[in-house]
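Colleague: Before I use these coordinates, I would like to hear how each of your terms is earned.
Modeller: Then ask about them one by one, and I will set each value against its criterion.

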There are 2 protein chains.
Amino acid sequence: MAGRPTLRDVARRAGVSAGMAGRVLGNYGSYSEATRRKVKAAAKAVQYSPNVIARALKTRLTRTVGVLIPDITTFFWTTLVRGIQDRAARDGFSIVLCNSDEESHNEKAYLRTLVERSIDGLIICPTLDNHSFLARLSRGGTPVVLVDRHIPGLRAPSIRVDNRAGAAEAVTHLAALGHTRIAIIKGIDGVETSDERFAGYAQALRENRLRVRATLVKDGRFLKDRAFAATQELLMLKERPSAIFVCNEPMASGCMLALKESGLRMPQDISLIAFDDPVWAEYTSPPLTTVSQPSYTMGMLAFDYLLAQITDRTKAGKYLEEVVLKTTLIVRESCAGV
Amino acid sequence: MAGRPTLRDVARRAGVSAGMAGRVLGNYGSYSEATRRKVKAAAKAVQYSPNVIARALKTRLTRTVGVLIPDITTFFWTTLVRGIQDRAARDGFSIVLCNSDEESHNEKAYLRTLVERSIDGLIICPTLDNHSFLARLSRGGTPVVLVDRHIPGLRAPSIRVDNRAGAAEAVTHLAALGHTRIAIIKGIDGVETSDERFAGYAQALRENRLRVRATLVKDGRFLKDRAFAATQELLMLKERPSAIFVCNEPMASGCMLALKESGLRMPQDISLIAFDDPVWAEYTSPPLTTVSQPSYTMGMLAFDYLLAQITDRTKAGKYLEEVVLKTTLIVRESCAGV
DNA sequence: TTGTACGCGTTATCAG
DNA sequence: CTGATAACGCGTACAA
């Protein structure tokens, strides 16, 4: 009896057949009270626990979901993953975690291993490529839920936020304060969240009779270092911006670092608003005005929508549900009038 | 041919036996160049990928490791998990993530599901209980690596930091600045990291001819809210502390919040040092002096030590390797002389 | 109510 | 070099 005890071990001990033991432990079929007690006792005695692998091979259900996101290290994603995890635990699901770093070749590799592992479903924040792979997967019957972004034409629920409105609200706030030279540090061009936030920015400028000026539009690829450099470039401009809108948390870090090094005072010399509302936004000097996303809730919702598809397989790849949540502007002290 | 293509599908298409197909695809045994080509071609044609579940049932190897930590939401743990994940991906391992919230009943439940899932190994930051469960697991041949804490008597490698020295360095820094009323906000009594940090605190006080005063020792349970309350209590003391040492990042948040509400100026009125060095420590007002742990490295090491045991099963539960890394005091601006 | 027997998709052994 | 064939542990249809 090297490894873990099996159903046969329990059966032998209880003096019944393996099939019988399986029935009472899995409680299906029918059996007498007497055998029930014998089997239960035997199971407890040998500390039996079912072999999930064997069960999965038979049932084709693993009670495991894949979670494929850009980077667990950022506030938005840790919080969202925690939401998924909490819901998953409640329902006896395990999650296997993968970080794509926004690289589609990483994503593709993970996608492959996840499929090979026969996950019951996938929660993914997709990069720009692999859309056809996902479409095949979804049509093939694997439940998929998109978070943070969606893929036009893919019939899978997507849980996201109204990025355009959130960005517009932030920039409107800046304009109302009298700013006319408002810069933006974007994420990755082509990525929905980045494009939409830019669209919101442009819209708000337009509504305030301001123009989008190419020199004030920077690309930060959602990365701290890129945003650091972008901020430095902005500050070297002849007509430097009086306000900056950064499109996520890591870039907010980079931006603040550059601002600090420049010696400019915030908000007297320059105003800043960031998308995402990490815990630390409250403690910075000055406290940061932010656009907050309900990331924990998004995670819970994502799992719930996935579970719905898993439970009712007929739904997988059939229903397109779009959950678009609202952001909230949290006004702190990083913006001043001009 | 509903589901994924199987070895038999490939074999049929290539005109060979299933066993043969298995050999070339798994490249073991021997086969002719001709069949190799036929099988490879067939596999590509039907987009064959092995069924990991079936393989796991046979080989008893899942290429999956469990990661059981207190809370993915805190900086220390996200970073450490990222380290694990990166190494795991490199070696084709998946990780399944669980958050115990420091509750041993959660931990126990997760532990059970993890073993049921036949993980190849476990990286865990153990709570106070379940030690015997872990001992059984380890003796039973499941590779285990402890992170952040260790369990006396358990023959499993542990990757941690010299908490005592780190804390002592911080408190010595405070004492050197002339502080005599130095408070500490501890984590959870009985948990190694908390106890050791407290020991370092006490040691540093002693070395500076200061006494540990019960009124200045608070319990924060590693939680933000608790630390918030603890800080308020400290500030209401007749002889309030001139400096506070908090034992982790979430508690640093709570503490700063209370400080801010109190209207006290930092560092003029009160000094603060925190264990853990989150990205935002740089941006607070004033920037926070911290004790930094190499958490990303710890994650990578943890996986490497686990993999070593997995690869050489004879090592599992046999060798006790203690990796104790150094912390570094990062002096910023949250501490002043009295 | 109970036992038997087969299959899930691999890996691995044994003849030929 | 190759094809049968037997596990791995569980679920389940079928027969008793």
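Colleague: What turn and shift lay chain A on chain B, and what is the relation called?
Modeller: In this predicted model, a turn of 180° with a shift of 0.0 Å along the axis lays chain A on chain B with an RMSD of 0.1 Å. That is why the relation is called a two-fold axis. The contact also uses the same surface in both copies, since 100% of the contact residues of chain A recur in chain B.

Colleague: How many residues does the contact take from each chain, and what area is buried?
Modeller: The contact takes 49 residues from chain A and 49 residues from chain B. About 4,200 Å² is buried between chain A and chain B, and carbon and sulfur atoms give 53% of that area.

Colleague: What makes the pair R82(B) and D71(A) a salt bridge?
Modeller: The criterion asks for a side-chain nitrogen of Lys or Arg within 4 Å of a carboxyl oxygen of Asp or Glu. The closest N and O atoms of R82(B) and D71(A) are 3.1 Å apart, so the pair meets that cut-off. Across the interface of chain A and chain B the rule finds four salt bridges, and the count of residue pairs in polar contact, both at pLDDT 80 or more, is 26.

Colleague: Which elements give two or more residues to the side of chain A that touches chain B, and which gives the most?
Modeller: The elements of chain A that give two or more residues are α4, α5 (75-90), β2 (94-99), α6 (104-116) and α11 (249-262), and β2(A) gives the most, with six residues. By class, that side of chain A has 22 nonpolar, 16 polar and 11 charged residues.

Colleague: Turning to the DNA, how do you know that K58(B) is in polar contact with a base of DNA strand D?
Modeller: A polar contact needs a pair of N or O atoms within 3.5 Å. A polar side-chain atom of K58(B) lies 2.7 Å from a base nitrogen of DNA strand D, so the pair is inside the cut-off. The backbone takes part as well: a polar backbone atom of S32(B) is 2.7 Å from a phosphate oxygen of DNA strand D, and a backbone N or O atom of N51(A) lies 3.3 Å from a phosphate oxygen of that strand. The surface near DNA strand D draws two or more residues from each of α2 (18-25) and α4 (52-59) of chain A, and from α2 (18-25) and α4 (52-59) of chain B, with the largest share, four residues, coming from α4(A).

Colleague: What makes T6(B) count as a polar contact of DNA strand C?
Modeller: A polar side-chain atom of T6(B) lies 3.4 Å from a phosphate oxygen of DNA strand C, so T6(B) still falls within the 3.5 Å limit. A polar side-chain atom of T35(A) lies 2.8 Å from a phosphate oxygen of DNA strand C, and a backbone N or O atom of N51(B) lies 3.3 Å from one. On the surface near DNA strand C, α4(B) gives the most, with four residues.

Colleague: What share of the DNA atoms within 4 Å of the protein belongs to sugar or phosphate?
Modeller: For DNA strand D the share is 66%, the rest belonging to bases, and for DNA strand C the share is 62%, again with the rest belonging to bases.

Key: Residues numbered from 1 in each chain as written. Chains lettered and ligands numbered in written order. Predicted model: local features only at pLDDT ≥ 70, side-chain atom pairs only at ≥ 80, totals over all residues. Heavy atoms only, no water. Near = heavy atom within 4 Å. Polar contact = N/O pair within 3.5 Å; in protein donor to acceptor, adjacent residues only side chain to side chain. Least-squares fit on C-alpha atoms with pLDDT ≥ 70 in both. Contact = heavy atoms within 4.5 Å. Buried area = accessible area lost by both parts, 1.4 Å probe. Nonpolar A, V, L, I, M, F, W, Y, C, P; charged D, E, K, R; others polar.
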